[in-house]
Amino acid sequence: MRILVTGGAGFIGGHLVERLAGEGHELLVVDDLSTGSVEHLPPPARLVESDFAAPAALAAVAAFRPAAIVHLAAQIDAAASVVDPLADARTNVLSTLALLEACRALEARPRVVFASSAAVYPEGVPLPAREAAAGSPATPYGVAKLAVEHYLACYRSAHRLSSLALRFANVYGPRQGARAEGGVVAIFARALASDRRARIFGDGRQTRDFVHVADVVDALVRALGSAAQGSFNVSTAVETDVRTVFALLAGRLRPGAEPERAPPRPGDVARSALSYDAAASGLGWRPTVALAEGLAGTADWFLGRSGKDPR
Ligand SMILES: NC(=O)c1ccc[n+]([C@@H]2O[C@H](COP(=O)([O-])OP(=O)(O)OC[C@H]3O[C@@H](n4cnc5c(N)ncnc54)[C@H](O)[C@@H]3O)[C@@H](O)[C@H]2O)c1
(Lines give C-alpha, C1' and ligand atoms only; values in the text may rest on other atoms or scores of the structure.)
Protein backbone atom coordinates (compact mmCIF):
# COMPACT_ATOMS: atom_id res chain seq x y z
CA MET A 1 0.00 0.00 0.00
CA ARG A 2 1.20 3.59 -0.63
CA ILE A 3 1.17 5.26 2.78
CA LEU A 4 1.97 8.85 3.74
CA VAL A 5 3.19 9.33 7.32
CA THR A 6 3.32 12.92 8.54
CA GLY A 7 5.64 13.24 11.51
CA GLY A 8 7.26 9.95 10.47
CA ALA A 9 10.66 11.02 11.80
CA GLY A 10 9.27 11.44 15.32
CA PHE A 11 9.09 9.05 18.26
CA ILE A 12 5.91 7.17 17.33
CA GLY A 13 6.39 7.87 13.60
CA GLY A 14 9.86 6.31 13.48
CA HIS A 15 8.61 3.08 15.08
CA LEU A 16 5.61 3.03 12.72
CA VAL A 17 7.69 3.65 9.59
CA GLU A 18 10.09 0.89 10.61
CA ARG A 19 7.20 -1.58 10.94
CA LEU A 20 5.49 -0.49 7.68
CA ALA A 21 8.78 -0.60 5.75
CA GLY A 22 9.35 -4.13 7.08
CA GLU A 23 5.93 -5.11 5.72
CA GLY A 24 6.92 -3.85 2.26
CA HIS A 25 4.67 -0.78 2.01
CA GLU A 26 5.65 2.15 -0.18
CA LEU A 27 6.22 5.08 2.18
CA LEU A 28 6.42 8.84 1.99
CA VAL A 29 7.33 10.73 5.16
CA VAL A 30 6.67 14.45 5.51
CA ASP A 31 8.43 15.89 8.53
CA ASP A 32 10.00 19.28 9.25
CA LEU A 33 12.38 17.65 11.76
CA SER A 34 11.37 20.21 14.40
CA THR A 35 11.38 17.46 17.05
CA GLY A 36 12.04 14.41 14.86
CA SER A 37 15.28 13.01 13.51
CA VAL A 38 16.36 11.34 10.27
CA GLU A 39 18.05 8.74 12.48
CA HIS A 40 14.54 7.36 13.14
CA LEU A 41 13.91 6.62 9.47
CA PRO A 42 14.77 3.31 7.83
CA PRO A 43 16.35 3.73 4.34
CA PRO A 44 13.36 2.74 2.16
CA ALA A 45 11.26 5.66 3.48
CA ARG A 46 11.38 8.76 1.29
CA LEU A 47 11.50 12.00 3.32
CA VAL A 48 10.09 15.36 2.28
CA GLU A 49 11.64 17.70 4.85
CA SER A 50 8.96 20.34 5.19
CA ASP A 51 6.03 21.66 7.14
CA PHE A 52 3.27 19.23 6.17
CA ALA A 53 0.94 22.05 5.09
CA ALA A 54 3.49 23.86 2.89
CA PRO A 55 2.31 24.01 -0.73
CA ALA A 56 5.31 22.00 -1.97
CA ALA A 57 4.66 19.26 0.61
CA LEU A 58 0.98 19.08 -0.30
CA ALA A 59 1.97 18.89 -3.99
CA ALA A 60 4.32 15.99 -3.16
CA VAL A 61 1.45 14.26 -1.34
CA ALA A 62 -0.85 14.72 -4.36
CA ALA A 63 1.82 13.30 -6.68
CA PHE A 64 2.36 10.32 -4.35
CA ARG A 65 -1.40 9.47 -4.43
CA PRO A 66 -1.46 7.72 -1.03
CA ALA A 67 -4.02 5.03 -0.31
CA ALA A 68 -3.74 5.98 3.35
CA ILE A 69 -2.38 8.76 5.54
CA VAL A 70 -1.23 8.49 9.14
CA HIS A 71 -1.24 12.03 10.48
CA LEU A 72 1.16 12.20 13.42
CA ALA A 73 2.87 15.57 12.84
CA ALA A 74 1.77 18.02 15.49
CA GLN A 75 2.71 20.57 18.08
CA ILE A 76 2.84 17.95 20.84
CA ASP A 77 3.39 20.01 23.99
CA ALA A 78 0.14 20.55 25.93
CA ALA A 79 1.78 23.08 28.29
CA ALA A 80 3.12 25.06 25.31
CA SER A 81 -0.42 25.22 23.92
CA VAL A 82 -1.53 27.01 27.08
CA VAL A 83 1.24 29.58 26.63
CA ASP A 84 0.69 30.02 22.89
CA PRO A 85 -2.68 28.66 21.76
CA LEU A 86 -2.38 30.41 18.39
CA ALA A 87 0.80 28.57 17.46
CA ASP A 88 -0.77 25.30 18.59
CA ALA A 89 -3.93 25.89 16.54
CA ARG A 90 -1.95 26.93 13.47
CA THR A 91 -0.28 23.52 13.29
CA ASN A 92 -2.79 21.27 14.99
CA VAL A 93 -5.98 22.72 13.49
CA LEU A 94 -5.33 24.93 10.45
CA SER A 95 -2.47 22.97 8.89
CA THR A 96 -4.37 19.73 9.55
CA LEU A 97 -7.37 21.22 7.73
CA ALA A 98 -5.11 22.09 4.80
CA LEU A 99 -4.06 18.42 4.71
CA LEU A 100 -7.71 17.28 4.77
CA GLU A 101 -8.47 19.69 1.92
CA ALA A 102 -5.60 18.16 -0.05
CA CYS A 103 -7.15 14.71 0.60
CA ARG A 104 -10.52 15.95 -0.64
CA ALA A 105 -8.91 17.14 -3.88
CA LEU A 106 -7.49 13.67 -4.63
CA GLU A 107 -9.41 11.57 -7.12
CA ALA A 108 -9.03 8.45 -4.96
CA ARG A 109 -9.48 9.69 -1.38
CA PRO A 110 -7.05 8.14 1.08
CA ARG A 111 -8.05 6.68 4.42
CA VAL A 112 -6.91 8.99 7.22
CA VAL A 113 -5.70 7.74 10.59
CA PHE A 114 -5.26 10.61 13.02
CA ALA A 115 -3.20 10.74 16.23
CA SER A 116 -5.54 12.14 18.85
CA SER A 117 -4.97 12.17 22.57
CA ALA A 118 -6.23 11.52 26.10
CA ALA A 119 -6.15 15.33 26.33
CA VAL A 120 -9.68 15.38 24.79
CA TYR A 121 -11.11 14.23 28.16
CA PRO A 122 -11.93 16.65 30.94
CA GLU A 123 -10.71 16.11 34.48
CA GLY A 124 -13.04 14.09 36.68
CA VAL A 125 -14.68 11.69 34.20
CA PRO A 126 -15.22 8.15 35.51
CA LEU A 127 -12.10 6.04 34.91
CA PRO A 128 -11.16 4.31 32.76
CA ALA A 129 -12.56 7.00 30.46
CA ARG A 130 -14.76 5.84 27.61
CA GLU A 131 -14.81 7.56 24.22
CA ALA A 132 -18.23 9.18 24.78
CA ALA A 133 -16.86 11.14 27.76
CA ALA A 134 -14.73 13.46 25.56
CA GLY A 135 -15.47 17.17 25.75
CA SER A 136 -14.34 20.37 27.50
CA PRO A 137 -10.60 19.63 27.25
CA ALA A 138 -8.43 21.42 29.80
CA THR A 139 -5.82 22.64 27.30
CA PRO A 140 -5.83 24.26 23.84
CA TYR A 141 -3.88 21.17 22.70
CA GLY A 142 -6.84 18.98 23.72
CA VAL A 143 -9.30 21.41 22.12
CA ALA A 144 -7.35 21.21 18.85
CA LYS A 145 -7.26 17.39 18.88
CA LEU A 146 -11.00 17.23 19.55
CA ALA A 147 -11.69 19.88 16.87
CA VAL A 148 -9.85 17.75 14.30
CA GLU A 149 -11.91 14.72 15.33
CA HIS A 150 -15.06 16.78 14.64
CA TYR A 151 -13.66 17.96 11.28
CA LEU A 152 -12.96 14.34 10.38
CA ALA A 153 -16.60 13.49 11.12
CA CYS A 154 -17.69 16.37 8.80
CA TYR A 155 -15.37 15.21 6.01
CA ARG A 156 -16.64 11.67 6.47
CA SER A 157 -20.26 12.64 5.88
CA ALA A 158 -19.74 15.53 3.43
CA HIS A 159 -16.87 14.11 1.35
CA ARG A 160 -16.84 10.35 2.06
CA LEU A 161 -13.37 10.61 3.57
CA SER A 162 -12.79 7.44 5.58
CA SER A 163 -11.04 8.15 8.88
CA LEU A 164 -10.29 6.93 12.37
CA ALA A 165 -8.89 8.94 15.27
CA LEU A 166 -6.82 7.03 17.82
CA ARG A 167 -6.68 8.70 21.22
CA PHE A 168 -3.32 7.69 22.61
CA ALA A 169 -2.83 7.55 26.37
CA ASN A 170 0.74 8.28 27.58
CA VAL A 171 2.97 6.58 25.03
CA TYR A 172 6.46 5.52 26.11
CA GLY A 173 9.35 3.50 24.72
CA PRO A 174 12.82 3.73 23.21
CA ARG A 175 13.76 6.95 21.35
CA GLN A 176 11.17 9.13 23.04
CA GLY A 177 12.00 12.80 23.34
CA ALA A 178 11.53 14.45 26.71
CA ARG A 179 8.87 16.92 25.55
CA ALA A 180 6.17 14.50 24.42
CA GLU A 181 3.01 13.88 26.42
CA GLY A 182 4.20 10.54 27.73
CA GLY A 183 7.52 12.29 28.41
CA VAL A 184 7.78 11.48 32.10
CA VAL A 185 9.27 8.06 31.30
CA ALA A 186 11.82 9.60 28.93
CA ILE A 187 12.65 12.38 31.39
CA PHE A 188 13.18 9.97 34.30
CA ALA A 189 15.09 7.43 32.20
CA ARG A 190 17.39 10.03 30.68
CA ALA A 191 18.15 11.56 34.09
CA LEU A 192 18.71 8.19 35.80
CA ALA A 193 20.91 6.91 32.96
CA SER A 194 23.13 9.96 33.17
CA ASP A 195 23.43 10.35 36.96
CA ARG A 196 21.27 13.46 37.05
CA ARG A 197 18.41 13.78 39.56
CA ALA A 198 14.92 13.26 38.22
CA ARG A 199 12.25 15.62 39.47
CA ILE A 200 8.79 14.59 40.67
CA PHE A 201 6.15 17.32 40.78
CA GLY A 202 3.84 17.19 43.80
CA ASP A 203 3.52 13.98 45.79
CA GLY A 204 4.00 11.72 42.75
CA ARG A 205 0.63 10.10 43.31
CA GLN A 206 -0.75 11.52 40.04
CA THR A 207 -1.63 8.63 37.74
CA ARG A 208 -1.28 8.09 34.02
CA ASP A 209 -2.09 5.29 31.60
CA PHE A 210 1.24 4.22 30.07
CA VAL A 211 1.02 2.40 26.75
CA HIS A 212 4.09 1.02 24.98
CA VAL A 213 4.96 2.41 21.55
CA ALA A 214 4.99 -1.10 20.02
CA ASP A 215 1.34 -1.51 21.02
CA VAL A 216 0.53 1.95 19.62
CA VAL A 217 2.17 1.02 16.30
CA ASP A 218 0.12 -2.17 16.24
CA ALA A 219 -3.09 -0.14 16.73
CA LEU A 220 -2.07 2.22 13.90
CA VAL A 221 -1.40 -0.69 11.54
CA ARG A 222 -4.75 -2.26 12.42
CA ALA A 223 -6.46 1.11 11.87
CA LEU A 224 -4.91 1.33 8.40
CA GLY A 225 -6.21 -2.11 7.48
CA SER A 226 -9.72 -1.63 8.84
CA ALA A 227 -12.72 0.41 7.71
CA ALA A 228 -13.64 1.44 11.28
CA GLN A 229 -14.71 5.09 11.61
CA GLY A 230 -14.80 7.43 14.61
CA SER A 231 -12.54 7.55 17.65
CA PHE A 232 -10.93 4.80 19.73
CA ASN A 233 -8.72 4.99 22.80
CA VAL A 234 -5.33 3.29 22.59
CA SER A 235 -4.42 2.60 26.18
CA THR A 236 -4.10 -0.03 28.89
CA ALA A 237 -6.95 1.05 31.22
CA VAL A 238 -4.42 0.77 34.07
CA GLU A 239 -3.60 3.74 36.29
CA THR A 240 0.03 3.88 37.37
CA ASP A 241 1.35 6.64 39.56
CA VAL A 242 4.47 8.58 38.72
CA ARG A 243 6.31 7.34 41.86
CA THR A 244 5.88 3.76 40.68
CA VAL A 245 7.30 4.61 37.26
CA PHE A 246 10.28 6.26 38.96
CA ALA A 247 10.83 3.24 41.23
CA LEU A 248 10.70 0.76 38.32
CA LEU A 249 13.15 2.79 36.23
CA ALA A 250 15.48 3.50 39.15
CA GLY A 251 15.49 -0.22 40.03
CA ARG A 252 16.87 -0.92 36.58
CA LEU A 253 19.12 2.12 36.09
CA ARG A 254 20.28 3.35 39.49
CA PRO A 255 19.01 1.39 42.51
CA GLY A 256 18.58 3.58 45.56
CA ALA A 257 18.26 6.81 43.57
CA GLU A 258 15.92 9.35 45.13
CA PRO A 259 13.92 11.83 43.07
CA GLU A 260 14.07 15.56 43.62
CA ARG A 261 10.74 16.96 44.84
CA ALA A 262 9.15 20.02 43.24
CA PRO A 263 5.84 21.79 43.83
CA PRO A 264 2.84 20.49 41.86
CA ARG A 265 2.48 21.99 38.39
CA PRO A 266 -0.70 23.97 37.81
CA GLY A 267 -3.04 22.27 35.39
CA ASP A 268 -1.54 18.80 35.84
CA VAL A 269 -4.29 16.18 35.64
CA ALA A 270 -4.53 14.19 38.88
CA ARG A 271 -5.63 10.87 37.42
CA SER A 272 -5.87 9.36 33.96
CA ALA A 273 -6.73 5.99 32.46
CA LEU A 274 -8.64 5.15 29.28
CA SER A 275 -10.79 2.16 28.44
CA TYR A 276 -9.70 0.26 25.33
CA ASP A 277 -12.93 -1.74 24.90
CA ALA A 278 -13.84 0.09 21.68
CA ALA A 279 -10.45 -0.65 20.06
CA ALA A 280 -10.74 -4.26 21.23
CA SER A 281 -14.09 -4.76 19.52
CA GLY A 282 -13.46 -2.43 16.54
CA LEU A 283 -9.85 -3.36 15.70
CA GLY A 284 -9.26 -6.57 17.63
CA TRP A 285 -6.51 -4.61 19.42
CA ARG A 286 -5.31 -5.09 22.96
CA PRO A 287 -2.18 -3.85 24.75
CA THR A 288 0.39 -6.64 25.04
CA VAL A 289 3.45 -5.09 26.69
CA ALA A 290 3.35 -5.19 30.51
CA LEU A 291 4.61 -1.97 32.10
CA ALA A 292 7.54 -3.55 34.00
CA GLU A 293 8.77 -5.25 30.84
CA GLY A 294 8.26 -2.15 28.68
CA LEU A 295 10.03 0.12 31.16
CA ALA A 296 12.96 -2.29 31.45
CA GLY A 297 13.49 -2.25 27.68
CA THR A 298 13.12 1.51 27.57
CA ALA A 299 15.59 1.96 30.46
CA ASP A 300 18.14 -0.24 28.67
CA TRP A 301 17.78 1.82 25.51
CA PHE A 302 18.42 5.09 27.38
CA LEU A 303 21.37 3.50 29.16
CA GLY A 304 22.84 2.45 25.81
CA ARG A 305 22.42 6.02 24.59
CA SER A 306 24.18 7.45 27.62
CA GLY A 307 27.32 5.53 26.70
CA LYS A 308 27.24 3.34 29.81
CA ASP A 309 27.02 -0.44 29.67
CA PRO A 310 23.54 -1.89 30.20
CA ARG A 311 23.54 -3.74 33.52
N1 LIG B 1 3.75 10.58 22.81
C2 LIG B 1 2.58 10.56 23.43
O3 LIG B 1 2.46 10.16 24.57
C4 LIG B 1 1.33 11.01 22.70
C5 LIG B 1 0.11 10.94 23.37
C6 LIG B 1 -1.04 11.35 22.71
C7 LIG B 1 -0.99 11.80 21.41
N8 LIG B 1 0.22 11.88 20.78
C9 LIG B 1 0.24 12.38 19.40
O10 LIG B 1 0.97 11.47 18.60
C11 LIG B 1 1.63 12.18 17.54
C12 LIG B 1 3.11 11.83 17.50
O13 LIG B 1 3.69 12.20 18.74
P14 LIG B 1 5.19 11.82 19.15
O15 LIG B 1 5.16 11.53 20.59
O16 LIG B 1 5.74 10.82 18.21
O17 LIG B 1 5.90 13.22 18.98
P18 LIG B 1 7.24 13.63 18.17
O19 LIG B 1 7.51 15.06 18.48
O20 LIG B 1 8.33 12.67 18.44
O21 LIG B 1 6.77 13.49 16.66
C22 LIG B 1 6.14 14.52 15.96
C23 LIG B 1 6.82 14.62 14.61
O24 LIG B 1 6.15 15.62 13.83
C25 LIG B 1 7.11 16.50 13.26
N26 LIG B 1 6.43 17.79 13.07
C27 LIG B 1 5.98 18.64 14.02
N28 LIG B 1 5.36 19.70 13.44
C29 LIG B 1 5.43 19.50 12.10
C30 LIG B 1 4.98 20.24 10.97
N31 LIG B 1 4.30 21.38 11.10
N32 LIG B 1 5.23 19.74 9.72
C33 LIG B 1 5.91 18.57 9.56
N34 LIG B 1 6.35 17.83 10.61
C35 LIG B 1 6.11 18.29 11.86
C36 LIG B 1 8.26 16.53 14.24
O37 LIG B 1 9.49 16.90 13.64
C38 LIG B 1 8.27 15.09 14.72
O39 LIG B 1 9.09 14.27 13.89
C40 LIG B 1 1.33 13.66 17.79
O41 LIG B 1 0.23 14.03 16.98
C42 LIG B 1 0.94 13.71 19.25
O43 LIG B 1 0.08 14.80 19.52
C44 LIG B 1 1.38 11.50 21.38
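Helices (H or I, at least four residues) and strands (E, at least two) are DSSP runs, numbered from the N terminus. This is a predicted model, in which local features need pLDDT of at least 70 and side-chain atom pairs count only at pLDDT 80 or more, while totals for chains, interfaces and linings use all residues. Residues are numbered from 1 along each chain as its sequence is written.

**Exercise 1.** Find which residue takes a positive phi just after helix 1, and check the span of that helix.

*Solution.* Begin at the end of the helix: just after helix 1, Gly24 has a positive phi of about 85 degrees. Next, take the expected span, which is 1.5 Å times one less than the number of residues. Helix 1 covers residues 11-22, and its twelve residues should therefore span 16 Å, which agrees with the 17 Å between its end C-alpha atoms.

**Exercise 2.** List the buried residues of helix 1 and state what they pack against.

*Solution.* A residue is buried if 20 or more other C-beta atoms, placed from the backbone, lie within 10 Å of its own (exposed if 12 or fewer, partly exposed in between). By this rule the buried residues of helix 1 are Phe11, Ile12, Gly13, Gly14, His15, Leu16, Val17 and Leu20. These buried residues pack against strand 1, strand 2 (26-31), strand 4, strand 7 (170-172) and helix 7 (213-225), where a contact requires C-beta atoms, placed from the backbone, within 7 Å.

**Exercise 3.** Describe how strand 4 pairs with strand 1 and with strand 5.

*Solution.* Two strands pair if DSSP finds at least two bridges between them. Strand 4 (residues 68-71) pairs with strand 1 (residues 2-6) in the parallel sense over four bridges, and Thr6 has His71 of strand 4 as its bridge partner. Strand 4 also pairs with strand 5 (residues 111-117), again in the parallel sense and over four bridges, with Val70 standing opposite Val113 of strand 5.

**Exercise 4.** Give the bounds of the two domains and describe the contact between them.

*Solution.* The domain assignment, which is automatic or from a database, gives domain 1 (2-170 + 210-234) and domain 2 (175-208 + 238-273 + 289-305). Their C-alpha centres lie 25 Å apart. The contact takes 19 residues from domain 1 and 21 residues from domain 2. On the side of domain 1 that touches domain 2, helix 1, helix 3 (78-83), strand 10 (210-212) and helix 7 each supply at least two residues.
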